[in-house]
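Hi,

Here's the structure I promised to send over. Have a look at it first, and then read my notes below.

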Amino acid sequence: MLVSVLETYESWDLRKVAIPSRSRLYQLDPIGIGTPLVESLTGYISRLAEAHYVNPGVLMEKELATLVKKEYGGANLHRIYNYTTALNGSGVMATDLVQALEKLTLRDDLCFLTLLTWDKLFPSRNLLRSVRAWCPSCYQEWYEKEQLIYEPLLWSLDVVKICPYHHHKLIFECPHCHQKNTTLAWRSRSGYCSKCGEWLGLIPGIESANKNTLKKNELEQGIWVAKAVGELIAATPYLHEALSSTTIALTLSKWVEQIAKGNIAEFARQINIPRNTVWLWCKGKNLPSLEALTNVCYCFGVTILSFLTEETNNLSLSRKLVTTEVKTTFRAKSKAFDAERVKSYLEALLTNEQSSALSMEQVAKELKVDRRTIYKHFPHLCRAISARYASYQKDYHQKIIEECCQEVRLVAFELHKQGKYPTESAVSALVSKPGYFRHKKVRLALKEANRELEL
Ligand SMILES: [Zn+2]
Ligand SMILES: [Zn+2]
């Protein structure tokens, strides 16, 4: 049969469709960039690991270690537990991790989950606290509203002591196991204790207990500081190129002019900070810490963001009352240093074998002197104490591993007696320190026991 009219079909475009490149890890959206409660990088790692159904430790060691420089142990979590705070900071660890994570997720905004954009703005020392802190009310509220549970960067800043939304102190110690959490741990999970795995949201009683311990002016200043720092964090993604440390020296000099007619000594007296310190700040020779700058800003009721963006017209000591608070903080820190007393204490410690379990941190606490001050005066003695402590820690750690090996062996034999196969998970469910199975020696002890049992 002949078809008289040919039908025209729509034509096909045979060109290859451009497929965007795939990321190795999920391209998880970070929470809250451009807000005071932006997520921290370590919190992001926990959520990313959870999205992949692995522990953050596994993610760090299997995926990130190869991409991160090795000088500080790569991304080997066991070796950097005490330094994981730096992963949210402004130094090389944060830079390396951001680069590695951006490579794996194909994102380009992860630096805003750290303080990398403040690297030339504030000295990094004491900028971040060394342990994890959290607001149980925030966790609870997000949980009840079915929002994502995460770890805001704001909570990791040492100067922030109060939740700006719930007005009570941030918590550092798990209310269940009474242990502190490192900033990132093998089993870190947003909202949960990395040591005992319990929920860290609000537990009845804690809120009121916290409120009771704070004086009204402390609470007021704490809320002000948290809000001011939050405001700076929120503005950072948009302003970071405009924020510079030279502004700090310039604005401070302007303030000295305005408040004390250019007299640094008078200005220093008004804000109760040593004259030389203010002089060094004004000349740009030293940078004030975030805490010091926040205190100065608080005296004048000017936020840190306004200070750094030079929106500080109509300056007045309107909040002079507040300087009393700053005064006590600075006075306490500048208490006379009794070099003789400290020296003889340190020397006595070194001759006493029993005191090798003391770290310099504990020594400083006992002496009630800032650790940095002691280091400045007696670096050799401090180093000797630290070295002795490190070796004590190593021995202690070995001892614990030995004990674990023995316990593993006993449990394996016991299970076998009960007719059960002593697998790693069966044994770890019964031993007192299941986490120690991460040590090769403990795993080998189980293998050895199974061999003895001819399994
Ligand atoms: Zn809160
Ligand atoms: Zn716990």
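**Two zinc sites**

The zinc ion (ligand 2) is held by four cysteine sulfurs: Cys174 (SG), Cys177 (SG), Cys193 (SG) and Cys196 (SG) coordinate it at 2.3 Å. Keep in mind that this is a predicted model, so treat the numbers as computed from it.

What shape does the site of the zinc ion (ligand 2) have? It's tetrahedral, with angles of 106 to 112° among the 4 donor atoms. If you want to find the donors of ligand 2 in the sequence, look for the spacing C-x2-C-x15-C-x2-C. Two of these cysteines are worth clicking on: Cys174 is buried, with a relative accessible area of 0%, while Cys177 comes out at 23% and counts as partly exposed. Why do they get those labels? The cut-off for buried is under 20%, so 0% falls below it and 23% doesn't.

Now for the zinc ion (ligand 1). Its donors are Cys135 (SG), Cys138 (SG), Cys163 (SG) and His166 (ND1), at 2.1 to 2.3 Å. The site of ligand 1 is tetrahedral too, with angles of 105 to 115° among its 4 donor atoms. Along the chain, the donors of ligand 1 are spaced as C-x2-C-x24-C-x2-H. Cys138 sits in helix 5 (residues 136–144) and His166 in the loop between helix 5 and helix 6 (206–212), so this pair ties together parts that are 28 residues apart in sequence. Cys138 and His166 are both buried.

For reference when you look at those angles, the ideal for four tetrahedral donors is 109.5 degrees.

Cheers

Notes
Residues numbered from 1 in each chain as written. Chains lettered and ligands numbered in written order. Predicted model: local features only at pLDDT ≥ 70, side-chain atom pairs only at ≥ 80, totals over all residues. Heavy atoms only, no water. Donors = N, O, S within 2.8 Å, 3.2 Å for Na, K, Ca; no water. Tetrahedral: all angles 85-135°; square planar, octahedral: opposite > 155°, others 65-115°. Helix = DSSP H or I, 4+ residues; strand = E, 2+ residues; numbered from the N terminus. Buried < 20%, exposed > 50% of the residue type's maximum accessible area, 1.4 Å probe, protein only.
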